[in-house]
Amino acid sequence: MSVLTRDEAQTRAQLLDVHRYTIELDLTTGDETFDSRTVIGFTARTGADTFVEVKPAELRSVTLDGRPLDPETLDGNRLPLKDLTAGEHELRVDAAMRYSRTGEGMHRFTDPTDGETYLYTQLFMEDVQRVFAAFDQPDLKAVFDLSVTAPEGWTVLANSRTEHLGEGRWQAAPTPLISTYLVAVAAGPWHSVRTEHRGLPFGIHCRRSLAPHLDADADEIFEVTRQCFDRFHEKFDEPYPFDSYDQAFVPEFNAGAMENPGLVTFRDEFVYRSAVTDTERQTRAMVIAHEMAHMWFGDLVTLRWWDDIWLNESFAEYMGYQTLVEATRFTDTWTDFGIVRKSWGYDADQRPSTHPVAPEAVDDTASAMLNFDGISYAKGASALRQLVTWLGEKDFLAGINTHFARHKFANAALADFIDSLASATDRDVHAWADSWLRTTGVDTLTPQVTPGDNGTYSLTVDHAGSRPHRVAVGLYDQDLGDDEGHLTLRDRLEIDVPQSAARPIGKRPALLLLNDGDLTYAKVRFDAESFETVRARLSGLPDPLSRAVVWNALRDAVRDGELAAGAYLEAARAHLPRETDLAIVQGVLAFASTQIADRFLPAEERPAAVATLSALCRDLIRRTEDGDNPGLRLIAVRHFVSVAAHPDTIAAWLADGTVPGGPELDPELRWRVLGRLAVLGAVDEAAIAAELERDPSATGQEGAARCRAALPDEEAKAKAWEAMFATDETKDLSNYLFTATAQGFWQPEQADLVRQYVPRYFKDALALAARRGHAIADAAGRHAFPMHAVDAEALRLGEECLRDGDPVPALRRRLADQLDDLARALRVREDRKG
């Protein structure tokens with residue numbers, strides 16, 4: 001299959017105006033394929049040759065202006081259109097298209113709970129070609145007129161309102177001008193909850209087997225949806241540009257969600273079957289807000305080419321978090337961003353695969369697909385937060401509204417957006433964009449506190465990097481008689497870095513915290529006295545966002561080899577028992593277990609680290625015995641299970657169906673406990689089968705696959721490996737079952753048992769990725785990589801694979817990132833020895 005290059009897209013955009021797609025899909029033709037008939041009305045500005053993209057199972061017929069074209073001329077995914085004349089044209093394509101099991105194109109899923117089948121599209125980047133023929137690039141917007149034939153009893157959802165015409169036929173209202181990758185269809189016996197807001201129909205939809213769980217949360221989902229919708233209408237002059245707003249929670253979805261106009265698709269893990277924390281509810285709310293922001297950023301105004309994905313994702317990310325703070329009960333979302341999302345950006349930006357937020361050299365769609373990462377999302381959102389701090393929100397919003405007015409239902413590039421911003425301010429936005437959006441890497445800010453006269457001090461900030469920053473500096477004092485370790489904010493200064501002069505700060509504070517409030521994107525360090533205060537009183541900081549900044553600084557210092565991994569563990573042991581913010585507890589425990597214990601500490605020290613984490617979780621469980629903080633208790637129970645070194649306690653929980661004092665073991669906790677018991681060799685296949693009979697859902701199928709792959713015996717490992725890397729296409733795992741099996745396979749406790757599979761991975765992953773495409777290639781690099789193998793031989797094998805194996809782009813990028821993280825872990829271990 002050929003990937004589309006920027007040059008090809010520009011040439012085609014200069015040649016064509018695409019007006020309308022009339023698409024007929026027939027979803028009643030069997031389990032393997034569906035019928036797709038497409039009529040494309042377009043104008044050629046001059047006489048020329050071009051092509052249309054399509055990836056059929058069978059290309060039955062093609063006509064151009066009534067003249068038959070030879071289907072045999074299809075070359076990969078490109079159908080040549082030769083000798084076009086200037087003027088109006090009509091292309092008709094009749095094809096059978098193949099259903100997907102990997103979350104790409106038209107994904108087909110049969111629910112094991114009740115046998116019902118559901119279909120949905122994910123057409124992002126270049127997968128529209130798997131569903132219908134298209135001139136597949138974002139700047140050839142068109143009107144889409146869609147009809148669908150579906151089995152009786154199904155509901156068909158689309159970008160616009162749909163009408164059931166009888167006998168399984170559904171007709172969607174024509175869309176406004178949108179890009180090909182944003183077309184969406186979801187068909188099946190959906191359970192739907194509907195309402196109306198501001199004269200628009202709103203709906204939420206899920207599989208029937210999840211109906212009780214969606215119903216339980218429908219009020220909350222609609223409330224967040226309405227609150228964000230109203231807040232965006234306060235911010236934006238341009239009203240919501242589509243005729244309805246549906247949110248479909250769909251199975252086996254590869255991303256968190258997709259911003260299809262009028263029909264947002266979400267992974268249906270957001271329909272909670274089991275108990276969750278309020279932070280997890282906040283995450284769902286943020287994704288709702290993020291995708292709604294895309295209705296303006298990405299759908300109304302769309303990037304011209306994929307080098308400007310930040311115009312979609314960075315804005316939606318920033319607006320998602322900021323709008324939750326302004327409009328909903330979730331007012332601490334920036335703390336979650338700081339702990340979870342920002343570290344994603346920092347890590348990505350320090351790898352060899354880093355790229356600017358707005359790169360200039362995205363030559364083709366394969367390269368573009370790799371840039372949907374922590375830089376385009378978290379770093380880009382952080383840059384925008386810094387821009388708002390520097391520019392002021394009034395001018396920022398004025399620039400945005402100018403941008404919408406200039407480019408609505410059209411396309412725009414970075415230069416267009418910067419010009420829109422510049423029209424609203426006297427500040428040099430172009431220079432800001434050059435320094436923030438065209439550069440790579442993370443700046444580091446380090447305080448220098450200098451004594452002056454009469455016991456006063458001044459502050460200068462050492463700046464390793466090139467970007468300008470406007471940061472807040474928190475000055476915190478301590479009450480020496482306070483045994484609780486509280487810190488009091490004396491002052492919060494605003495400083496521009498680089499500085500023009502030292503800043504007086506009065507008496508020396510106990511803690512001087514750079515980037516207090518987390519308004520910029522930079523690593524921060526501490527002066528010696530402040531670091532001692534952090535060690536003793538971190539949990540005494542009054543604001544959770546300030547504590548998040550400190551925890552991120554400690555995390556960065558460990559990764560950079562400047563702070564011993566054990567010191568981070570000691571800080572967690574000392575301060576998490578007093579932490580109140582759930583996002584911080586979750587984030588610190590996750591880093592301490594998966595990175596500190598599993599990777600940065602040598603294998604012989606892992607048991608002691610795990611014991612420390614287990615004791616910490618026990619403390620949190622005891623602290624929450626009164627039932628006042630069920631979210632914190634749930635986090636503690638989950639992590640206690642994950643680090644359990646002995647089966648007795650968690651096996652007793654499973655047998656009793658509850659943790660003493662709560663919570664009861666719902667399906668998620670039962671599978672979590674069973675998975676850990678499998679790792680420890682304390683359950684067998686019979687126990688897994690019995691649990692699957694108890695919970696035969698799709699999530700149960702994944703839990704069983706994860707448990708079976710985790711069993712510590714050679715036969716179980718061989719079966720799991722064959723399931724993941726089999727060459728028989730009839731046995732291919734779906735994307736979710738592949739991921740679950742991979743997650744169970746590698747376990748630090750089983751290093752000797754799976755040692756033989758480390759070299760096999762680098763060979764078998766190459767073949768699998770080449771055969772099964774982007775989604776599985778990404779999963780193979782992300783989940784099936786032997787992360788526990790922190791040794792020079794694994795690094796050598798991986799580097800050899802990258803050098804000589806010619807992996808497909810998605811796997812190459814994942815391997816490069818994994819190997820860089822592996823090399824970093826080895827350096828941290830070596831620094832510790834030194």
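Residue A96 is found in strand β7 (residues 87–98), where strands (E, at least two residues) and helices (H or I, at least four residues) are DSSP runs numbered from the N terminus. A96 is buried, with a relative accessible area of 5%; buried means under 20% relative accessible area, exposed over 50%, and partly exposed in between (1.4 Å probe, protein chains only). The model is predicted, so that local features need pLDDT of at least 70 and side-chain atom pairs count only at pLDDT 80 or more, while totals for chains, interfaces and linings use all residues. Residues are numbered from 1 along each chain as its sequence is written, and side-chain values use heavy atoms, with hydrogens and water left out.

**Surroundings of A96 and D419**

- Leaving aside neighbours within four places in sequence, A96 is in contact (heavy atoms within 4.5 Å) with T33, F34, D35, P56, A57, E58 and R60.
- One of these partners, A57, lies 39 residues from A96 along the chain, and the C-alpha atoms of the two residues are separated by 5.5 Å.
- D419 is found in helix α9 (residues 414–422) and is partly exposed, with a relative accessible area of 39%.
- When residues up to four places away in sequence are not counted, D419 touches R406 and H430.
- The C-alpha atoms of D419 and G76, which are 343 residues apart along the chain, are separated by 40 Å.

**The chain as a whole**

- The protein chain has 26 helices and 28 strands.
- Its radius of gyration, taken over C-alpha atoms, is 27 Å, close to the 28 Å that the globule rule (2.2 Å times the number of residues to the power 0.38) gives for 834 residues, so the chain is as compact as a globular protein of that length.
- Along its principal axes the C-alpha trace of the protein chain spans about 90 × 70 × 55 Å.
- Of the 834 residues in the protein chain, 60% count as buried.
- Among contacts in the protein chain with a separation of 6 or more, 72% are accounted for by residues 24 or more positions apart.
- The accessible surface of the protein chain, from the Shrake-Rupley method with a 1.4 Å probe and, for residues, with only the protein chains shown counting as cover, comes to about 30,900 Å², of which 48% belongs to carbon and sulfur atoms.

**Nonpolar cores**

- In soluble globular proteins, nonpolar side chains tend to be buried together.
- The largest nonpolar core, a core being a set of buried Ala, Val, Leu, Ile, Met, Phe, Trp, Tyr and Cys residues joined through side-chain atoms within 4.5 Å, has 128 residues, of which W551, L554 and Y761 touch the most other members.
- Helix α14 (residues 582–600) gives the most to this core, with 10 residues.
- Residues up to four places away in sequence aside, L554 touches F526, F531, V534, L538, L563, Y568 and A571.
- A second, separate core of 127 residues includes V131, A150, A293 and W334.

**Helices α5 and α7**

- The 17 residues of helix α5 (residues 333–349) should span 24 Å at 1.5 Å a residue (the expected span being 1.5 Å times one less than the number of residues), and the end C-alpha atoms of α5 are 22 Å apart, which agrees.
- Helix α5 bends by about 35° at K342, the bend being the angle between axes fitted to the seven residues ending there and the seven starting there.
- Helix α5 is mostly covered, with 15 of its 17 residues buried.
- Helix α7 (residues 375–391) is also mostly covered, with 16 of its 17 residues buried, and just after α7, G392 takes a positive phi of about 95°.

**Backbone geometry in loops**

- Most residues other than glycine have a negative phi, and most peptide bonds are trans.
- A cis peptide bond with omega of about 0° joins V497 and P498, and P498 has its place in the loop between β25 (487–497) and β26 (503–506).
- The peptide bond from G662 to P663 is cis, with omega near 5°, and P663 is found in the loop between α17 (648–656) and α18 (667–679).
- R198, a residue other than glycine, has a positive phi near 55° and lies in the loop between β15 (191–197) and β16 (200–206).
- D806 has a positive phi near 55° in the loop between α25 (792–804) and α26 (809–833), and at 65% relative accessibility D806 counts as exposed.
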